[in-house]
Amino acid sequence: MRTISPNNFHKKIVLLLGLVFILHLNTGMAQVQPTLGGSSRLMNTALSEMEKGEYDKANGLFRQIIDSNLPIPSEMPYYFAETLFELQQFDNSANFLNKYLEINGFKGDNYEAAKRLEQRLENPLNEIKVCQLCDRRGYRYQQCFTCEGTKQIEQECNYCKAKGVIGCSRCVGSGMVTKRNVFNIVEYFECDRCSGKGRLECPTCNGSKKEVSACRTCQGSGRLQSDHLCDHEPEKEIQHLSQLFHKLKSHGNP
Ligand SMILES: [Zn+2]
Ligand SMILES: [Zn+2]
Ligand SMILES: [Zn+2]
Ligand SMILES: [Zn+2]
């Protein structure tokens, strides 16, 4: 007589459940196919562009995935980080790499590679940190076009609205003040604060109608952000000019 051992029975159940699960998963996949298929197709194209060394194109495709609001394949942040590294967008690369490790932990298919990328990022990120010529994302500062780097700019005086004078507050602009004498009779006096003029020189601009204040374009920093990646080297032109200046100076002094 054949008996089914409990062990075998369990195995069969598990197998059956497994099949049901796979079938269910398949129909599930079929339902989300249009969206999931969209982003994984984009990612595959991006990966082949990466293989060809076309990181700009890969970058564009990854951004399409993000902009499309399609579900993001779990390995995508790693490949995007790799692409951004190649494009020297180190700060952004680190952002996506951290996101990848945060989401997948050590279970990600590219965990080892991600850890290696983390190490490769260390140097370039440090270079950005110590460089004074670029912002913390590694983009070169450019001189502010409004103040030309001087940080301040002469503007119309805001306090007096460029009139150069303000109304005297003691006499409310009349130039006269009143006092009652001992006989309770009102007497008029010339306002001693404004000498009877009713107005005072603007204390902010001293009557010049102009004030020098922090440049509003650059918030007084003298520089603006740009979209040029920094090479952490002083500008060649400036180097060249200072050399030229040096030459002229040495020629001028025989
Ligand atoms: Zn400025
Ligand atoms: Zn007055
Ligand atoms: Zn003023
Ligand atoms: Zn720099």
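This is a short tour of a predicted model, moving from the whole chain to one helix pair and then to a single strand residue.

**The whole protein.** Begin with everything displayed and coloured by secondary structure: the protein has 6 helices and 8 strands, and, read from the N terminus, these elements follow the order α-α-α-α-α-β-β-β-β-β-β-β-β-α. If you then colour by burial, buried residues account for 18% of the 254 residues in the protein. Of the contacts between residues at least 6 apart in sequence, 64% join residues at least 24 apart.

**Confidence.** Before looking at details, switch to colouring by pLDDT, for which the mean over the protein is 84, with 78% of the residues reaching 70 or more. Now select residues 1-6, where pLDDT stays under 50 and where the model has 1 contact beyond four places in sequence. Extend the selection to residues 11-34, another stretch with pLDDT below 50, which has 0 contacts in the model beyond near neighbours in sequence.

**Helix α3.** Next select residues 76-86, which form helix α3; 10 of these 11 residues are buried, so the helix is largely enclosed by the rest of the structure. The buried residues to highlight are Met76, Pro77, Tyr78, Tyr79, Phe80, Ala81, Glu82, Thr83, Leu84 and Phe85. Following α3 along the chain brings you to Gln88, whose phi is positive, near 65°.

**α3 against α4.** Keep α3 selected and add helix α4, residues 90-104: the two axes come within 8 Å and cross at roughly 160°. Because of that angle, which is over 145, α3 counts as roughly antiparallel to α4. To inspect the contact itself, show the side chains of Pro77, Tyr78, Phe80, Ala81, Leu84 and Phe85 on α3, together with those of Phe90, Asn92, Ser93, Phe96, Leu97, Lys99, Tyr100 and Ile103 on α4. Sorted by type, the residues of this contact are 11 nonpolar, 2 polar and 1 charged. The crossing of α3 past α4 is left-handed.

**Tyr188 in strand β5.** Finally, move to strand β5, residues 186-190, and select Tyr188 within that strand. Is Tyr188 buried or exposed? Tyr188 has 10 other C-beta atoms within 10 Å, and because a residue with 12 or fewer counts as exposed, Tyr188 is exposed. Its contacts, leaving aside residues up to four places away in sequence, are with Met176 and Thr178. As a last step, draw a distance between the C-alpha atoms of Tyr188 and Val177, which are separated by 5.8 Å although the two residues are 11 residues apart along the chain.

Technical notes
Residues numbered from 1 in each chain as written. Chains lettered and ligands numbered in written order. Predicted model: local features only at pLDDT ≥ 70, side-chain atom pairs only at ≥ 80, totals over all residues. Buried ≥ 20, exposed ≤ 12 C-beta atoms within 10 Å, placed from the backbone. Helix = DSSP H or I, 4+ residues; strand = E, 2+ residues; numbered from the N terminus. Contact = placed C-beta atoms within 7 Å. Axes fitted to C-alpha atoms, helices over the stretch in contact; angles between N-to-C directions. Parallel < 35°, antiparallel > 145°, perpendicular 65-115°, else oblique. Left-handed = near helix turned anticlockwise from the far one by under 90°. Nonpolar A, V, L, I, M, F, W, Y, C, P; charged D, E, K, R; others polar. pLDDT = per-residue confidence, 0-100.
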